[in-house]
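This report looks at a ligand site and at one helix that helps to form it. Please have the structure open while reading.

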Amino acid sequence: MSDKGLHKTNQNGVSRRGFLGRTGSILGAMALAGQIAPSQAQAATAGAAAAGPIDNGAHVPALVIGTGYGGSVAALRLAQAGVDVHMIEMGMAWDTPGSDGKIFCNTTTPDYRAYWLRTKTKAPLSNFLGFPIDKAVPRYTGILDAEEMGGIIVYQGRGVGGGSLVNGGMAVTPKRANFGAVLPTVNADEMYDTYYPRANAGLGVSLIDPAWFESVDCYQFSRVGRKHAQRAGFPFVFVPDVYDWDYMKQEAAGTVPKSAVAGEILYGNNAGKKSLQQTYIAQAKATGKVTISPLHKVTSVSPASGGGYTVVIDQINTTGDTVGTKTVVADKVFFAAGSVGTSKLLVRLKATGALPNLNNEIGKGWGDNGNVMCGRANHMWDATGKVQASIPCGGIDNWDAGGAFAEVAPLPTGIETYASFYLSITKNPNRAEFSYNASTGGVELNWQTAWKAPSIAMAKTIFDKINSKEGTIYRTDLFGTNKIWGDHLTYHPLGGAVLDKATDNYGRLHGYTGLYVIDGALIPGNTSVNPFVTITALAERNIEKIIATDM
Ligand code: FAE
């Protein structure tokens with residue numbers, strides 16, 4: 001594959017912390033032992049962990065809404081430039097273990113930590129062998145939000161670190177030839193010479209050791225995926241990741257506690273994965289100029305009478321109830337609440353008169369990165385392995401000919417499934433729009449499930465051919481009964497405040513000085529590969545310009 005970025009390995013500049021060894025929580029232990037409700041325990045521990053939650057009436061130079069990729073880049077670079085930053089995060093700090101000694105629960109055993117304010121899990125794969133697998137969980141400010149937006153469920157990470165807490169860590173730079181379609185108004189030379197390398201370094205991106213890949217049991221599923229791809233004439237490419245591959249080697253050898261090899265991913269990794277907590281956020285905190293308020297949700301931003309912006313923030317408890325409201329003033333506000341979070345805020349603030357001068361591009365240009373999932377049933381001689389590492393490390397590239405790039409994904413069930421599983425990113429052209437519903441006070445998205453049809457057609461350019469070559473069929477038991485395609489969801493929401501449309505070409509919102517968008521909302525719907533490296537690189541580019549000219 002002629003991709004400059006795809007195979008790039010760069011570990012420079014990564015601030016790494018230990019993954020384990022955090023202190024235990026007596027309160028958490030009491031909660032799990034049933035002595036007090038988890039909500040009470042976690043409210044106490046989250047409050048204790050949050051060094052310096054923002055005070056009512058505070059005045060801050062820079063306020064960042066959200067602690068995902070865009071927010072973390074903004075906070076670090078502003079702090080390094082000498083600006084005091086406060087980050088507001090609606091999710092939890094995720095720095096305190098429960099009574100099992102673990103901060104995060106396993107994918108196969110979801111508990112109160114798994115879902116954002118749900119009473120039943122909402123797993124992306126809803127069924128197995130046709131049977132529903134979702135189960136009851138206590139309502140809690142858990143780590144994964146399955147946000148139902150009409151025709152689509154948008155999965156997002158909640159907590160300090162945003163999507164980096166729950167994602168697969170696949171850190172993919174788009175092929176340069178495709179970049180013009182990803183961000184048409186951005187100079188590709190600058191991105192590929194400066195900002196993509198800076199983002200990859202900051203995130204701690206590296207590639208699996210190819211020799212180890214060939215030998216280890218936990219990537220048998222990926223080797224089977226490669227064999228089938230190549231026999232059907234498709235290139236299989238290794239995909240970089242932020243997982244610590246040396247740690248995973250030790251997991252496989254049984255010398256350290258297992259995380260990826262034990263199937264941890266969707267509800268957090270207790271070791272091995274370099275989430276933003278270990279990289280950008282650790283560096284930002286180390287400057288001494290960044291504080292974070294977890295379990296705080298921004299509800300309003302409007303011009304303050306004396307200059308800057310009045311920001312209204314609800315403090316919530318772990319069952320999602322508002323326990324206090326704070327009003328602060330910020331000289332500059334960075335919207336980094338993720339594509340959906342930022343879009344919903346801006347659409348509502350424009351419609352309700354808090355920020356009436358935002359332009360009519362607000363809420364537009366939203367896409368799902370063409371996500372669609374499917375499984376294939378292999379022959380008995382193509383076992384994919386009982387033990388599967390939860391971190392994908394390879395993909396099938398048919399972007400140019402068929403408009404699809406498919407991750408060979410694990411199905412870490414702990415049993416032999418004889419299934420190959422894939423998340424495809426496709427060139428789906430459909431774009432949706434957010435709008436304010438005055439009667440409910442909510443913000444809606446007009447995406448239709450039928451709009452996934454182009455994604456299915458593009459994914460079929462790969463899997464119909466593989467099935468025909470191998471004499472195999474699609475699995476029909478993973479997303480319901482007799483349902484082949486996981487076309488109800490996305491992991492990759494993008495757009496809603498598109499660069500050079502809702503904002504100028506560096507994320508400055510039109511209509512207001514000192515308001516910025518710096519997250520996935522800037523990207524118009526598709527990145528041709530997994531999106532977080534592009535979100536990070538674009539944030540690096542934009543914040544450099546903003547610091548140079550606006551601070
Ligand atoms: P994001 O990381 O979503 O951060 C936004 C933050 O803002 C969150 O922490 C929110 O809780 C917080 N927030 C929202 N509203 C408010 C508010 N009103 N007040 C305060 N805080 C608020 O945004 N991408 C890849 O490139 N590779 C992968 O392997 C990959 N796998 C994924 C797997 C899963 C299951 C999921 C869900 C996503 C995956 N992604 C992957 C997507 C990736 O995580 C996502 O594109 C980025 O996290 C988006 O970054 P942002 O900075 O835009």
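A polar contact here is a pair of N or O atoms within 3.5 Å. The model is predicted. By that cut-off, an oxygen atom of the ligand pairs with an N or O atom in the side chain of Arg 158, at 3.2 Å. Tyr 69 and Gly 159 use backbone N or O atoms instead.

| Residue | Part of the residue | Distance to a ligand oxygen atom |
|---|---|---|
| Tyr 69 | backbone N or O atom | 3.0 Å |
| Arg 158 | side-chain N or O atom | 3.2 Å |
| Gly 159 | backbone N or O atom | 3.3 Å |

On its own, the ligand has 1,000 Å² of accessible area, and the protein covers 95% of that.

Next, the shell. There are 37 residues around the ligand. Glu 89, Gly 163, Met 170, Gly 520 and Phe 532 come nearest. By class, 16 residues of the shell are nonpolar, 17 are polar and four are charged. Several elements each supply at least two shell residues: helix 3 (69–80), helix 10 (338–351), helix 13 (532–550), strand 6 (153–157) and strand 9 (296–303).

Now take helix 10. What span should its 14 residues have at 1.5 Å a residue? The expected value is 20 Å, and the end C-alpha atoms are 20 Å apart, so the two agree. The buried residues of helix 10 include Ser 339, Val 340, Gly 341, Thr 342 and Ser 343. Leu 345, Leu 346, Val 347 and Leu 349 are buried too. Just after the helix, Gly 353 takes a positive phi of about 90°.

How values were computed: Residues numbered from 1 in each chain as written. Predicted model: local features only at pLDDT ≥ 70, side-chain atom pairs only at ≥ 80, totals over all residues. Heavy atoms only, no water. Near = heavy atom within 4 Å. Polar contact = N/O pair within 3.5 Å; in protein donor to acceptor, adjacent residues only side chain to side chain. Areas by Shrake-Rupley, 256 points an atom, 1.4 Å probe, with all protein chains shown as cover. Helix = DSSP H or I, 4+ residues; strand = E, 2+ residues; numbered from the N terminus. Nonpolar A, V, L, I, M, F, W, Y, C, P; charged D, E, K, R; others polar. Expected span 1.5 Å × (residues − 1). Buried < 20%, exposed > 50% of the residue type's maximum accessible area, 1.4 Å probe, protein only.
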